Amino acid sequence: MSDATNIDDLKRRMEGAISSFKHELTGLRTGRASASLLEPITVEAYGSTVPLNQVANISVPEPRMLSVSVWDKSMVSAVDKAIRESSLGLNPITDGTTLRIPLPELNEERRKELVKIAHQYAEQARVAVRHVRRDGMEGLKKAEKDSEISQDESRIASDKIQKLTDTTIGEIDKVLAAKQAEIMQV
């Protein structure tokens with residue numbers, strides 16, 4: 001195992017933690033309508049569970065309204081039920097094969113709850129990054145113990161891993177701060 005490959009692998013895994021964190025944040029509702037808001041919702045369709053975007057088109061006709069056009073008329077009630085039972089607190093209005101979903105104003109209390117959830121997601125991402133760092137450090141210790149690398153090489157690589165970890169956690173904090181500002185914006 002070469003040092004550069006190890007660092008590249010650790011970097012790739014840390015970037016995976018960031019992208020996962022960003023994806024989780026898209027599900028948190030801010031004041032504006034976004035088609036990605038409904039991405040995590042799954043629907044019971046044709047005997048299996050499928051993502052909502054595989055049975056309907058999702059559009060944003062107005063800043064505070066989502067529109068879901070269901071392709072199969074028999075699926076309208078299943079889509080309606082899936083949206084109502086999601087943790088998003090939305091109440092669709094059925095109009096033929098189209099569901100109109102008005103987004104209610106977020107009150108101060110709900111905004112604070114969303115910020116807490118965002119902080120939990122951020123902490124999970126930080127923990128994932130720290131696990132990657134731990135794996136890298138353990139790999140270095142093992143390589144040094146097995147005389148594959150010298151103490152100096154180990155120390156240099158260890159510093160690189162720590163810098164990478166600090167940079168990645170800093171990026172997570174930046175993404176969190178941006179999302180927090182977006183949620184609290186009235």
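I started with the seam between the two domains: domain 1 and domain 2 bury about 300 Å² between them, and 44% of that area is on carbon and sulfur atoms. Note to self: this is a predicted model.

Next I asked who pays for that area on the domain 1 side. T26, G27 and R110 supply 80% of what domain 1 buries against domain 2, more than any other three residues there.

I then looked up the classes. The side of domain 1 that touches domain 2 has no nonpolar residues, 3 polar ones and 1 charged one.

With that make-up I went looking for pairings across the interface. I got 0 salt bridges between domain 1 and domain 2. Polar contacts came back with 0 residue pairs too, counting pairs with both residues at pLDDT 80 or more.

I went back to the layout. Domain 1 comes in two stretches, 7–28 and 107–184, while domain 2 is 35–102. Their centres, over C-alpha atoms, lie 34 Å apart. In the contact I find 4 residues from domain 1 and 5 residues from domain 2.

Last stop, T168. I find T168 in helix α4, which covers residues 151–184. Is T168 buried or exposed? Its relative accessible area is 7%, under the 20% cut-off, so I log T168 as buried. What does T168 touch, apart from its neighbours within four places in sequence? I get M14, I18 and V129 as its contacts.

Key:
Residues are numbered from 1 along each chain as its sequence is written. This is a predicted model: local features need pLDDT of at least 70, side-chain atom pairs count only at pLDDT 80 or more; totals for chains, interfaces and linings use all residues. Side-chain values use heavy atoms; hydrogens and water are left out. Domain bounds come from an automatic or database domain assignment. Contact means heavy atoms within 4.5 Å. Buried area is the accessible area (1.4 Å probe) that two parts lose on being put together, summed over both. A salt bridge is a side-chain nitrogen of Lys or Arg within 4 Å of a carboxyl oxygen of Asp or Glu. A polar contact is a pair of N or O atoms within 3.5 Å; within protein, one must be able to donate a hydrogen and the other to accept it, and residues adjacent in sequence count only if both atoms are side-chain atoms. Ala, Val, Leu, Ile, Met, Phe, Trp, Tyr, Cys and Pro count as nonpolar, Asp, Glu, Lys and Arg as charged, and the others, Gly among them, as polar. Helices (H or I, at least four residues) and strands (E, at least two) are DSSP runs, numbered from the N terminus. Buried means under 20% relative accessible area, exposed over 50%, partly exposed in between (1.4 Å probe, protein chains only).
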